[in-house]
Amino acid sequence: MTDKEFTALANSWAEKRTRLESADLINRRLLQDTIVSRSFWLAPKPAFLYIFFSIMFVFAVCYCIFVDMAYWPVAAVCPLVIADMVWQTRMRRKIRCMDGGVIGIRHNLSRYRRGYIWLSVAMWILGVIYLWWMCNYLSGFIDRSHAIVIIMFTAVAMVVVYTVRTWHTFRALGLLRNLADDLSDLDVS
């Protein structure tokens, strides 16, 4: 092999390696962008929910102070929902910024899944107690049968929203787990 052939082979090899490295960087960037877009359901619309439950909290506290002290459960539930949303948002941020690399993503996905299940159970227990209280509270203003109908519609709405949210959340968790596997295949951390 002559020097010219050797130089041409070395240049060809260097050029091919550069293309492969740039392709890996492009793939990594695309996977990171996909992780960001697919993680939406881990904490959907947190700003809207923060504002909504903050306004609801202020209204409930004012209503308790000036009108009826028996309205306190509404004021008590709002900070719990906000705390749940803060946790979900923090976990989504950790997953999105790939805190800890691929291993960190996998760990955070597992933590989010466990936490979501436990918090869902706690919120459902709290929701049942809240609906029971609301039925009794509304019975003081309207007929008991009408209060039960309102509570039943509210419970059905809660079940539908929870089912849709949980389906999207677990689907997103599965997609994110697959993306983390793809990232580990690129040897990216």
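A nonpolar patch is made of residues with over 30% relative accessible area and no salt bridge, its side chains being joined within 5 Å. In this predicted model, such a patch is formed on the surface by Ile117, Val121, Ile125 and Ile129, which together have about 350 Å² of accessible area. One of these residues, isoleucine 125, is placed in helix 4, which covers residues 101-139. Isoleucine 125 has a relative accessible area of 53% and is therefore classed as exposed, the cut-off for that class being over 50%.

Helix 4 also takes part in a salt bridge. A search of the whole structure finds 1 such pair. In this pair, the side chains of arginine 106 and aspartate 181 meet at 2.7 Å, N to O. Arginine 106 belongs to helix 4 and aspartate 181 to helix 5 (residues 144-185), so the salt bridge ties together parts that are 75 residues apart in sequence. Both side chains belong to residues of intermediate accessibility: aspartate 181 counts as partly exposed at 29% relative accessibility, and arginine 106 counts as partly exposed at 27%.

Helix 3 comprises residues 72-96, 25 residues in number. The distance from its first C-alpha to its last is 37 Å, close to the 36 Å expected at 1.5 Å a residue. Methionine 98, which follows helix 3, has a positive phi, near 55°. For comparison, most residues other than glycine have a negative phi.

Three residues of helix 3 were examined individually. Alanine 75, placed in helix 3, has a relative accessibility of 11% and so counts as buried, the limit being under 20%. With residues up to four places away in sequence left out, alanine 75 touches Phe57, Ala60 and Val61. The C-alpha atoms of alanine 75 and phenylalanine 59 are 8.2 Å apart in space, and the two residues are 16 residues apart in sequence.

Aspartate 84 is also located in helix 3. Aspartate 84 is buried and has no salt bridge. The nearest side chain of opposite charge is that of arginine 165, at 6.2 Å; a salt bridge requires a nitrogen to oxygen distance within 4 Å. Apart from neighbours within four places in sequence, aspartate 84 is in contact with Leu119 and Met123.

Arginine 92 is the third of the residues examined in helix 3. Arginine 92 counts as buried because its relative accessibility is 11%. When residues up to four places away in sequence are not counted, arginine 92 touches Ser39, Phe40, Leu42, Ala43 and Pro46. The C-alpha atom of arginine 92 is separated by 55 Å from that of aspartate 3, a residue 89 places away along the chain.

Lysine 45 lies in the loop between helix 1 (3-38) and helix 2 (46-66). Lysine 45 is not a glycine, yet its phi is positive, at about 50°. With a relative accessibility of 54%, lysine 45 counts as exposed.

Technical notes:
Residues numbered from 1 in each chain as written. Predicted model: local features only at pLDDT ≥ 70, side-chain atom pairs only at ≥ 80, totals over all residues. Heavy atoms only, no water. Helix = DSSP H or I, 4+ residues; strand = E, 2+ residues; numbered from the N terminus. Expected span 1.5 Å × (residues − 1). Buried < 20%, exposed > 50% of the residue type's maximum accessible area, 1.4 Å probe, protein only. Lys, Arg positive; Asp, Glu negative; His and termini not counted. Contact = heavy atoms within 4.5 Å. Patch = residues over 30% accessible without salt bridge, like charges linked within 9 Å, V, L, I, M, F, W, Y side chains within 5 Å. Areas by Shrake-Rupley, 256 points an atom, 1.4 Å probe, with all protein chains shown as cover.
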